[in-house]
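Biologist: I am new to this model and would like to know what stands behind the words used for it. Can we go through it step by step?

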Amino acid sequence: MASQGFWSLGAENVGNNSNQSPSTPRAWCQAAQKFTGGIGSKLCALLSVGEGEKAADPSAKEPGAALETCACNKPCNCSKANIDFSVLYSTDLLPATDGDIATITFLHEVVDILLAYIVKSFDRSTKVIDFHYPNELLQTNNWELSDEPDNLDDILLNCRATMKYAIKTAHPRYFNQLSTGLDMVGLAADWLTSTANTNMFTYEIAPVFVLLEYVTLKKMREIIGWADGAGDGIFSPGGAISNMYAMLVARFKMFPEVKEKGMSAVPRLVAFTSEHSHFSIKKGAAALGIGTDSVILIKVDERGKMIPSDLERRIVEAKQKGFVPFFVSATAGTTVYGAFDPLIAIADVCKKYKVWMHVDGAWGGSLLMSRKHRWKLNGVERANSVTWNPHKMMSVPLQCSALLVREEGLMQNCNQMHACYLFQQDKHYDLSYDTGDKALQCGRHVDIFKLWLMWRAKGTTGFEAQIDKCLELSDYLYNKIKNREGYEMVFDGKPQHTNVCFWYLPPSLRYVEDKEERMRRLHKVAPVIKARMMEYGTTMVSYQPQGDKVNFFRMVISNPAANFEDIDFLIEEIERLGQDL
């Protein structure tokens, strides 16, 4: 049955000067009347109109569905279709004949589920996670697929169960990943994108989205520092794919014949990246047939920054062996330490040896939006390509990753296949807006609208304030624990990004003199505390080893909802959960 739902919330606050619920204002009905074919009247009635508004067309009633006053036990005057979803199936929804009322009511129920989840996600009294072990979760619910369809009542139950066990990544105390938070404008844009349900390969089927991608990529290139925003770019399914695109284009730039003849037609290529770089550089080399052995890892300093002199040394060594250096990937914001490689010095080395310079700014690229922090990427304008993930520090809903390329037309030449059934050359509009042939994908999801709409809603200054706040919170955490009993920093000095890496030492470990024994026991502390966090559901923060360093906590802050009290809570919770270890 249709539930009372989210829309009746707050109805008890209706003033005497209003004859309608605040959650169903007259504007809803006015908007509904724009629909044709009788659906406007149905929407008007369904969306709880008050006295004097247009009533539902009785002739438009769907068999088996009645528009009745709801049973919400509050002084509201809302109406809602009383539909028994246990006897309805997906085939009863649009485009079924007379399926409009059932469709509207069904989607209303789904939105109820979503809105309740959203509100809970920002409530600090709720759990970040309702953790169950995999076997428990498999046994608790029936997730199996069957030959026969479930009714819509069961479908709604599936929706509720899925959201019940979902991680609340918008929760102010969720710090587990680089992508956190939930922006309401971005969410609205994602809903609209799914409703449009189109593909990004040609202007003819995605005119607005293609233009928005063009405008936004140009703006991002301007922010990088490329003159007049010149160049090219594309949104891809995540930073790993953006990094692979960069490697693909760099190889084509040096050896265009590889496109037709393959790797057998080119000499042994080698790429260079730091020991602390993202694993996607090696993964890209594997996927492109270059091989992981051809990715040479460059030493980093104690803060995790690439050492340019070692880069130059390894390039010279590779050339002496007859290899061809073709690609250097510098990192702006490493995954663990949050380190920014010295881009100016790396650019000098790349220029000297004529090697493509890529900057993986998936994590740190968004600091370009901040006048206070963009200096950390000084030299990025000299790069040939840049990866930038707005779904991280800018909190754009997943996924949203851009590859920006300084040379215009290179991606098109590298990837185009001239499929005549998509990219006809005699179309009646400017074919430069048919961007699909420069992508590896044919089907490409619309990732641009949420970023563009959020940018319109916030402005560049809004993103700047959001980013600056996260870095301020990381400074607060660092200053609070650097001299606190029971904490040790993984490296000396203030972090460059929001990554704060530390060990928590329970009381039992603080005076252990045997270093080997101390490290052996310390290695087990973070995993146990993390497991307890998840079982209690109070917070989530990541941990990992790095090189010869045993497991430590890596706190990252990208959630706009977090505040100083949440940082205090995290510290106290770690101590509460780890004091007996």
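Modeller: Helix H16 (residues 525-536) is a good place to start, as it lies across E12, E13 and E14. The model is a predicted one.

Biologist: What is the angle between H16 and E13?

Modeller: H16 runs at about 160 degrees to E13. The scale of such angles goes from 0 to 180 degrees between N-to-C directions. Helix H14 (residues 448-481) lies across E11, E12 and E14, and it runs at about 30 degrees to E12.

Biologist: Which strands make up the sheet, and in what order?

Modeller: The order is E3-E13-E14-E12-E11, an open sheet of 5 strands with mixed pairing.

Biologist: Why are E3 and E11 said to stand at the edges?

Modeller: Strand E3 (174-175) and strand E11 (487-489) each have a single partner strand, so one side of each has no neighbour in the sheet.

Biologist: How do you know that E13 and E14 pair?

Modeller: Pairing requires at least two bridges between the strands. Strand E13 (residues 540-546) and strand E14 (residues 549-555) are joined by 4 bridges and run antiparallel. Because the rule asks for at least two, the 4 bridges satisfy it. Within this pair, Gln544 stands opposite Phe552 of E14, and Ser542 has Arg554 of E14 as its bridge partner.

Biologist: What lies between E13 and E14?

Modeller: The two strands form a hairpin with 2 residues between them, and Gly547 in the turn has a positive phi of about 60 degrees.

Biologist: How many bridges join E12 and E14?

Modeller: There are 3 bridges, in the antiparallel sense, and the rule of at least two is met. Phe502 stands opposite Phe553 in E14.

Biologist: Why is E14 called largely enclosed?

Modeller: A residue is buried when its relative accessible area is under 20%. In E14, 6 of the 7 residues are buried, so the rest of the structure largely encloses this strand.

Biologist: Is Lys524 buried, exposed or partly exposed, and what makes it so?

Modeller: Lys524 has 49% relative accessibility. Exposed would require over 50%, and buried would require under 20%, so Lys524 at 49% counts as partly exposed. Lys524 sits in the loop between helix H15 (515-522) and H16. Its C-alpha is 7.3 Å from that of Asn551, a residue 27 positions away in sequence.

Biologist: What makes Asp130 and Lys164 a salt bridge?

Modeller: The term needs a side-chain nitrogen of Lys or Arg within 4 Å of a carboxyl oxygen of Asp or Glu. For Asp130 and Lys164 the closest N and O atoms are 3.0 Å apart, so under that cut-off the pair is a salt bridge. The two residues are 34 residues apart, with Asp130 in the loop between helix H3 (100-121) and helix H4 (134-140), and Lys164 in helix H5 (residues 152-165).

Biologist: Which parts of the chain do Lys253 and Glu407 link?

Modeller: Lys253 belongs to helix H8 (residues 239-254), while Glu407 is in the loop between strand E10 (401-405) and helix H13 (410-415), 154 residues apart. Their side chains meet in a salt bridge at 2.9 Å, N to O. Lys253 is partly exposed at 43%, and Glu407 is partly exposed at 34%.

Biologist: Why is Asp310 called buried?

Modeller: Its relative accessible area is 7%, and buried means under 20%, so the word applies to Asp310. Arg313, at 38%, counts as partly exposed. Asp310 and Arg313 form a salt bridge, with closest N and O atoms 2.6 Å apart. Both lie in helix H11 (residues 308-320), 3 residues apart, about one turn of the helix. A network of salt bridges links Asp310, Arg313, Arg314 and Glu317.

Biologist: What is noted about the phi of Asn197?

Modeller: Most residues other than glycine have a negative phi, and most peptide bonds are trans. Asn197 has a positive phi, near 50 degrees. Its relative accessibility is 65%, and exposed means over 50%, so Asn197 counts as exposed.

Biologist: Which residues does a cis peptide bond with omega of about 15 degrees join?

Modeller: That bond joins Leu94 and Pro95. Pro95 is in the loop between strand E2 (79-82) and H3. The bond from Leu398 to Gln399 is also cis, with omega near -5 degrees.

How values were computed:
Residues numbered from 1 in each chain as written. Predicted model: local features only at pLDDT ≥ 70, side-chain atom pairs only at ≥ 80, totals over all residues. Heavy atoms only, no water. Contact = heavy atoms within 4.5 Å. Buried < 20%, exposed > 50% of the residue type's maximum accessible area, 1.4 Å probe, protein only.
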